[in-house]
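User: Could you take a close look at one part of this model for me? I would like to follow the helices and the residues around them, with the cut-offs spelled out.

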Amino acid sequence: MVKRWLPLEANPDVMNQFMWGLGVPEDVGFCDVYGLDDEMLAMVPQPVLAVILLYPQDRKKESDASTASMVETKEPNKKVYFTKQTIGNACGTVGIIHALGNALSRIKLVDGSYFHRFYKQTADMDPIQRAAFLEDDQEMEDAHSVAVAGGDTEAKDGVIEHYVCFSCVDGELYELDGGKPQQIHHGRSSPDSLLQDAARVIKARIVEYSQTINFNVMALSEK
């Protein structure tokens, strides 16, 4: 990745100000998910539109696991909004783009706003074309930089933590990671069970990365 941004802080306030300024109504917002047991999940505002996970991704480990897996690869669902990531440290913004892009039927974007224009312009693009569009988009780069500056901690390059998004499309749970070739299918889901279904996958990921505690989970919910 030739172009690099500074990483976005895993902070709901930062992410909310970022997307609200780009046309997302303030009745939609991110909140922290403080635990993955039923009691903690019950505290998350409903309905949940998407789940964002930040974790210390080991691409080699996941590539080896994928190669060894005998699970049949599901053909990409063309109804899933998915973009590749070609900008270093842009995974937070890409995660937000995935979260919103797969919940547009339930979010009334401000007419003429950045995101309203962005999703119209990229609707018929493939994931690589969307990545190229984002790479050339100065307005988004500027908004990302402002959001980075609004964090509570100093942003630094060279982090290993990576954002991925979980969305429910057509009754199926998908993991959306711009660093992967395509969307990852995780079985059946529903708008009502999205949080619990994503939590199941995240719990397995935590076991896989048991040597670290650097995990952060946020939900995009309607207020």
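Analyst: Happy to help; here is a walk through the helices, followed by a few residues elsewhere in the chain.

This is a predicted model, so local features need pLDDT of at least 70 and side-chain atom pairs count only at pLDDT 80 or more, while totals for chains, interfaces and linings use all residues. Residues are numbered from 1 along each chain as its sequence is written, and side-chain values use heavy atoms, with hydrogens and water left out.

Let's start with H144, which lies in helix α7 (residues 138-149). Helices (H or I, at least four residues) and strands (E, at least two) are DSSP runs, numbered from the N terminus. H144 is buried, with a relative accessible area of 1%; buried means under 20% relative accessible area, exposed over 50%, and partly exposed in between (1.4 Å probe, protein chains only). A polar atom of the H144 side chain lies 2.7 Å from the backbone oxygen of L6. That is a polar contact, meaning a pair of N or O atoms within 3.5 Å; within protein, one must be able to donate a hydrogen and the other to accept it, and residues adjacent in sequence count only if both atoms are side-chain atoms. Leaving aside neighbours within four places in sequence, H144 is in contact with W5, L6, L8, F18, N89 and T93, where contact means heavy atoms within 4.5 Å.

One of those partners, N89, deserves a short stop. N89 sits in the loop between α3 (59-68) and α4, and is buried at a relative accessible area of 9%. The phi of N89 is positive, at about 65°, although N89 is not a glycine.

Back in α7, D142 is another resident of the helix. D142 is partly exposed, with a relative accessible area of 40%, and its side chain is joined to that of Q138 by a polar contact of 2.8 Å.

Next comes α6 (residues 127-135), whose buried residues are R130, A131 and L134. These cover an arc of only 100° around the axis, so they are on the same side of α6; the arc is that of the directions from the helix axis to the C-beta atoms. The buried residues of α6 pack against α4 (91-101), α5 (114-122) and α7. At the start of α6, a side-chain oxygen of D126 comes within 3.1 Å of the backbone nitrogen of I128.

How do α4 and α5 pack against each other? Their axes are 12 Å apart, at an angle of about 80°. Axes are lines fitted to C-alpha atoms, for helices over the stretch in contact, and angles run from 0 to 180 degrees between N-to-C directions. The two helices are therefore roughly perpendicular: angles under 35 degrees count as roughly parallel, over 145 as roughly antiparallel, 65 to 115 as roughly perpendicular and the rest as oblique. On the α4 side, I96, I97, L100 and G101 meet F115, F118 and Y119 of α5.

Finally, a look at strand β2 (residues 48-56), where A50 is found. A50 counts as buried, at 0% relative accessibility. Leaving aside neighbours within four places in sequence, A50 is in contact with A99, C165, F166, S167, L194, M218, A219 and L220. In the loop between α2 (38-41) and β2 you will find P47, and the peptide bond from Q46 to P47 is cis, with omega near 0°.
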